Amino acid sequence: MFDIMIPHGNGGKMALTVPCVAVRGSTGISLGQGPPSYEPVTTFPKDDSKLCRVMLFSPDGRYFAWTNETSVKIVLCNTWKIITEIKKPKVSAIQFSSKGTYFMTWEPFIATLSNLQRSPNLHIWKTETNELVKSFVQKKQRDWEPQWSSDEKICGILMGADVIFYEDANFEKIVHRINIAKVAKFSIAPNNAPYHILCYVPGKSGQPSLGRLFQYPKFESTQALASKSFFQADRVDIYWNQRGTNALLMTSTEIDKASYYGKQTLHYVSTKRETAMVMLSKEGPIYSVQWSPKNTEFCVVYGFMPAKATLFNLKCEPIFEFGALHRNCIYYNPHGNNILFLFTRELITKG
């Protein structure tokens with residue numbers, strides 16, 4: 001079992017002039033150069049530990065981080081020199097902020113008689129200085145990550161059923177809060193001001209679940225820009241286009257009588273107050289959803305194998321059918337004029 005991770009840049013500002021591939025396997029983590037040489041990166045401090053369980057490139061490809069159940073290490077990708085080492089052996093999840101200024105770690109929360117004070121297990125650090133900025137108690141690993149706007153002006157964290165917001169990395173003061181209902185998931189759009197926040201509110205007592213879109217910091221129920229209701233949702237995954245103007249919500253149920261995979265549906269919301277349900281023409285699971293870098297269309301792979309692949313416009317109308325084949329992954333090139341479909345049984349992660 002192994003992971004492959006490829007860094008990608010932001011707006012053409014990727015720190016690496018030659019793409020590199022990080023590989024995690026039973027022999028640890030290693031780095032290899034991309035075309036044309038495909039040679040190992042000899043300056044990377046290869047980690048031979050069999051306990052390397054998590055690795056991650058920063059969004060702009062400037063940093064690379066990994067854990068080995070002894071510590072967390074971060075290297076600067078231009079030199080592959082270790083710039084930060086965090087001595088926390090139990091870290092099992094990591095994340096960078098939007099611009100890579102901050103680095104976040106999560107450890108499993110264990111309640112014991114000696115831990116009645118609820119010791120913090122979520123930590124925010126400065127990436128290059130190893131300075132601890134703030135710590136929180138975050139019991140659940142799902143959706144544990146603090147989220148940042150693209151300019152890192154605001155940071156939001158899901159705490160219980162509320163979303164709390166900080167500004168300018170000042171974690172001593174909560175400036176805004178979403179507490180109109182029990183929020184199970186939220187997502188900050190990948191754009192600068194005006195910021196947009198999409199929340200998933202589970203239904204109860206026969207009432208539908210809701211996807212609610214707000215413009216920060218107007219979080220009253222009557223101030224929602226858009227609201228999309230749906231039933232049968234045990235969890236929701238949110239996909240924004242790169243402009244942060246349109247989003248897709250993929251709802252999933254854990255158990256469905258007709259499918260081993262459960263049942264998925266796809267819904268659309270936009271900052272222009274538009275909502276729709278994406279109508280899929282074949283029964284079965286949704287394997288992959290990807291927005292085109294053009295931001296005006298998205299592709300979905302779905303249905304029992306052989307799966308269908310369909311391209312949709314912003315009206316959620318099918319504009320091209322790719323036919324039925326065995327595939328479950330979608331990859332666009334940076335310009336959005338080429339698309340690659342793959343069928344894979346292994347976990348391949350894009351950093």
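Guide: Buried here means under 20% relative accessible area, exposed means over 50%, and partly exposed is in between (1.4 Å probe, protein chains only). You're looking at a predicted model, where local features need pLDDT of at least 70, side-chain atom pairs count only at pLDDT 80 or more, and totals for chains, interfaces and linings use all residues. Numbering starts from 1 along each chain as its sequence is written, and side-chain values use heavy atoms, leaving out hydrogens and water.

Visitor: Okay, is Phe136 buried or exposed?

Guide: Its relative accessible area is 8%. The cut-off for the lowest class is under 20%, so Phe136 is buried.

Visitor: How are the rings of Phe136 and Tyr166 arranged?

Guide: Rings of Phe, Tyr and Trp (its six-membered ring) pair if their centres lie within 6.5 Å; planes under 30 degrees apart are stacked, over 60 edge-to-face and the rest tilted. Here the centres are 6.1 Å apart and the planes stand at 55 degrees, so the pair is tilted.

Visitor: How far apart in sequence are the parts that this pair ties together?

Guide: Strands are DSSP runs (E, at least two residues), numbered from the N terminus. Phe136 sits in β11 (residues 132–136) and Tyr166 in β14 (residues 162–167), so the parts tied together are apart in sequence by 30 residues.

Visitor: What is the centre distance between the rings of Tyr166 and Phe171?

Guide: Both residues are buried, with Tyr166 at 5% relative accessibility. Their planes are at 50 degrees, so this pair is tilted, and the centres are apart by 4.9 Å.

Visitor: How many residues of β14 are buried?

Guide: This strand has six residues and is largely enclosed by the rest of the structure. The reason is the count of buried residues, which is five.

Visitor: Which residue in the turn between β13 and β14 has a positive phi?

Guide: Strands pair if DSSP finds at least two bridges between them, and β13 (154–159) is joined to β14 by six, running antiparallel. Met159 has Asp162 as its bridge partner. The hairpin leaves two residues between the strands, and the one with a phi of about 65 degrees is Gly160.

Visitor: What is the bridge partner of Phe165 in β15?

Guide: β14 also pairs with β15 (residues 176–178) in the antiparallel sense, over three bridges. Within that pairing, Phe165 is matched with His176.

Visitor: Which strand gives the most to the largest nonpolar core?

Guide: Such a core is a set of buried Ala, Val, Leu, Ile, Met, Phe, Trp, Tyr and Cys residues joined through side-chain atoms within 4.5 Å. This one has 17 residues, and Phe165, Ile178, Val183, Phe186 and Ile197 touch the most other members. Strands giving two or more residues include β14, β16 (185–188) and β18 (209–215). With three residues, the top contributor is β17.

Visitor: Where is Glu131, and what is its relative accessible area?

Guide: Glu131 is in the loop between β10 (122–126) and β11. Beyond its neighbours within four places in sequence, it is in contact (heavy atoms within 4.5 Å) with Ile124, Trp125 and Lys126. It counts as partly exposed, at 40%.

Visitor: Over the face of which ring does Arg327 lie?

Guide: A charge sits over a ring if NZ of Lys or CZ of Arg is within 6 Å of the ring centre and within 35 degrees of the ring normal. Arg327 is at 5.0 Å from the centre, over the face of Phe341.

Terms used: Helices (H or I, at least four residues) and strands (E, at least two) are DSSP runs, numbered from the N terminus.
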